[in-house]
Amino acid sequence: MNDALPGLDQLRELPLPAAVPYWPQTWGWAVLAVVVAVGGAWAAAAALRHRRRNLYRRQGLRALRQLAQDVERDPLAARGLPALLKRAALAAQSPGGRAAVASLSGEAWLAYLERAVPQGFPKGSPELMRLLAYAPDETVRGLDNATLSQLIRASRQWMVKHHVAA
């Protein structure tokens with residue numbers, strides 16, 4: 001054997017490369033991470049604000065669904081529709097705009113409601129709303145179920161589609 005050749009005992013292991021750091025190598029990535037985090041927080045806050053702002057709408061639609069079920073059993077339950085629409089309209093307003101909506105009645109009230117519903121409320125809705133609010137029980141029981149259903153459908157569409165300027 002040749003003594004000039006190195007033996008296995010003289011071999012050394014190759015050094016491992018340095019571990020890859022989890023921290024970004026440049027400030028650009030750090031800035032991008034901050035921008036994404038701030039944008040995500042802003043989007044979450046906007047979604048929460050939108051959800052809170054539409055709480056009255058969800059509650060109104062739930063109450064309208066219950067009212068429609070009650071009307072199928074007893075037409076007198078439809079008496080709650082005008083008050084429900086007025087409460088929803090008042091809840092949608094800013095504190096400064098509530099007085100203007102609260103004072104609306106008759107044709108002006110229906111015109112306010114129809115601004116958000118493209119095909120509008122059924123013909124004779126102002127009279128029907130007056131009957132629901134003030135007529136004797138016998139008169140309300142004598143109302144046509146199809147007309148009441150159409151009025152409730154238009155009311156649902158109003159609750160879904162109306163928008164209030166912020």
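**Helix H8 and the nonpolar core**

Okay, let's start in the middle: the largest nonpolar core here has 31 residues, and those with the most contacts inside it are Leu81, Leu85, Leu113, Phe121, Leu132, Trp158 and Met159. Five elements give two or more residues to this core: helix H2 (55–73), helix H3 (80–92), helix H5 (106–114), helix H6 (125–134) and H8. And H8 gives the most, with six residues. Keep in mind that this is a predicted model.

So let's look at H8, which covers residues 145–161 and has Ser155 in it. Is Ser155 buried or exposed? Well, Ser155 counts as buried because its relative accessibility is 0%, and buried means under 20%. What does its side chain reach? The side chain of Ser155 gets to the backbone oxygen of Leu151, at 2.8 Å. If you skip the neighbours within four places in sequence, Ser155 is in contact with Leu64, Leu81, Leu85 and Phe121.

Leu85 is worth a look from its own side. Not counting residues up to four places away in sequence, Leu85 touches Ser155, and also Trp109, Leu113, Met129, Trp158 and Met159.

Now on to Leu148, also in helix H8. With a relative accessible area of 2%, Leu148 is buried. Which residues does Leu148 contact, leaving aside its neighbours within four places in sequence? Those are Val71, Pro75, Ala78, Leu132 and Leu143. Take Ala78: Leu148 and Ala78 are 70 residues apart in sequence, yet 7.6 Å apart in space, going C-alpha to C-alpha. And Leu132, another contact of Leu148, is one of those core residues with the most contacts that I listed at the start.

Notes: Residues are numbered from 1 along each chain as its sequence is written. This is a predicted model: local features need pLDDT of at least 70, side-chain atom pairs count only at pLDDT 80 or more; totals for chains, interfaces and linings use all residues. Side-chain values use heavy atoms; hydrogens and water are left out. Helices (H or I, at least four residues) and strands (E, at least two) are DSSP runs, numbered from the N terminus. Buried means under 20% relative accessible area, exposed over 50%, partly exposed in between (1.4 Å probe, protein chains only). A polar contact is a pair of N or O atoms within 3.5 Å; within protein, one must be able to donate a hydrogen and the other to accept it, and residues adjacent in sequence count only if both atoms are side-chain atoms. Contact means heavy atoms within 4.5 Å. A nonpolar core is a set of buried Ala, Val, Leu, Ile, Met, Phe, Trp, Tyr and Cys residues joined through side-chain atoms within 4.5 Å.
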